[in-house]
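The questions below go through a few local features of one protein chain, and each answer works towards the value or name asked for.

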Amino acid sequence: MFREVLKARPDARYVYVADDAFFPYGDHGEADLVARVVALTGELIEAHRPDLIVIACNTASTLVLPHLRARFSVPFVGTVPAIKPACAQSITKRVTVLGTEATVSREYTRALIRDFANGADVALVGSARLAAFAEAELHGTPVADQLIAEELTPCFVDGGGRRTDTIVLACTHYPLLLDRLARLARWPVAFIDPAPAIARRVTDLIGPRANGETPLPARIAFTSGRPPSATLEVALKRFRIGA
């Protein structure tokens with residue numbers, strides 16, 4: 001997602017906050033997650049005075065966004081499952097939402113299906129391990145194909161003469177595994193990443209690129225205080241994020 005936002009506004013100054021001390025969000029109860037994200041956001045606003053905040057997490061966005069908008073005046077861009085565009089483009093009208101167990105269990109997600117399914121059959125698949133697999137790959141620890149395939153296989157429904165043709169990636173970690181997911185798919189499908197839509201929303205709120213501004217690498221802050229490993233530091237530099 002950051003890569004798409006950066007393409008849209010390469011002139012902006014970015015602070016990328018990785019809440020590794022509380023990862024994964026899906027393992028925490030709703031009350032704990034709300035308290036954590038609201039408190040952390042307040043600290044970040046005080047420290048950095050941002051013009052806009054992107055909540056780059058489906059689990060947090062589907063639960064915490066109303067609390068953030070009620071508490072702070074800074075504009076927020078949330079990340080929610082891209083169910084509307086997925087159902088609109090599906091030919092077979094079989095769509096799967098692949099997310100964390102927390103995201104697919106939320107009423108917010110089910111409301112999106114009720115409002116935007118557009119006649120499609122939408123399956124919800126919650127993965128307990130895929131986000132951690134993406135983190136492991138980012139840190140340079142390979143994950144076996146079989147383990148990823150086990151998380152992906154339930155997404156594929158074949159019944160009544162119709163097969164799943166569209167899968168919504170409802171976790172911002174999953175696009176990091178996109179090449180693997182496409183290779184391990186039971187049959188060809190379209191994987192929907194909401195990142196381009198998020199980038200468009202960012203420019204809607206803060207305007208287009210300013211001429212004459214020099215792009216700067218994003219700064220990253222880890223809430224654990226731990227420095228990144230050498231492998232992770234190299235991976236971050238690919239995204240123009242500096243530790």
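Q: Which residues lie nearest the centre of the second largest pocket?
A: The model is a predicted one, and the second largest pocket in it holds about 450 Å³ of space. Its lining is made up of 24 residues. Of these, the ones nearest the centre of the pocket are Gly78, Val80, Ala82, Ala197 and Ile198.

Q: Which element supplies the largest share of the lining of the second largest pocket?
A: At least two lining residues each come from H3, strand S3 (76-77), helix H4 (83-89), helix H6 (107-116) and helix H10 (195-206). By class, the lining divides into 17 nonpolar, two polar and five charged residues. The largest share, six residues, is supplied by H10.

Q: Which residues line the largest cavity?
A: The count of cavities of 30 Å³ or more comes to one, and the space in the largest cavity is about 40 Å³. Its lining divides into five nonpolar residues, one polar and one charged. The residues that form this lining are Met1, Leu169, Cys171, Thr172, Pro175, Asp193 and Pro194.

Q: Is the packing of H2 against H3 roughly parallel or oblique?
A: Two packed helices are described by the angle between their axes and by the distance between those axes. For helix H2 (residues 30-48) and helix H3 (residues 58-71), the angle is about 50° and the axes are 9 Å apart. Because angles under 35 degrees count as roughly parallel and those from 65 to 115 as roughly perpendicular, the arrangement of H2 relative to H3 is oblique.

Q: How many nonpolar, polar and charged residues are there in the contact of H2 with H3?
A: H2 passes H3 in a right-handed crossing. On the H2 side, the contact is made by Glu30, Leu33, Val34, Val37, Val38 and Thr41, which meet Thr59, Ala60, Leu63, Val64, His67, Leu68 and Arg71 in H3. Sorted by class, these residues come to eight nonpolar, three polar and two charged.

Q: Which peptide bond is cis, with omega near -5°?
A: The proline concerned, Pro24, is placed in the loop between strand S1 (15-18) and H2. With omega near -5°, the cis peptide bond is the one from Phe23 to Pro24.

Q: What is the value of phi of Arg49?
A: Arg49 has its place in the loop between H2 and strand S2 (53-54). Its phi is positive in a residue other than glycine, and the value is near 50°.

Notes: Residues numbered from 1 in each chain as written. Predicted model: local features only at pLDDT ≥ 70, side-chain atom pairs only at ≥ 80, totals over all residues. Heavy atoms only, no water. Axes fitted to C-alpha atoms, helices over the stretch in contact; angles between N-to-C directions. Helix = DSSP H or I, 4+ residues; strand = E, 2+ residues; numbered from the N terminus. Parallel < 35°, antiparallel > 145°, perpendicular 65-115°, else oblique. Left-handed = near helix turned anticlockwise from the far one by under 90°. Contact = heavy atoms within 4.5 Å. Nonpolar A, V, L, I, M, F, W, Y, C, P; charged D, E, K, R; others polar. 1 Å grid on protein atoms, 1.4 Å probe; cavity = no way out; pocket = protein on both sides within 12 Å on 5 of 7 lines; lining within 4 Å. Points joined across faces, edges and corners; volume = space filled by probe spheres on them.
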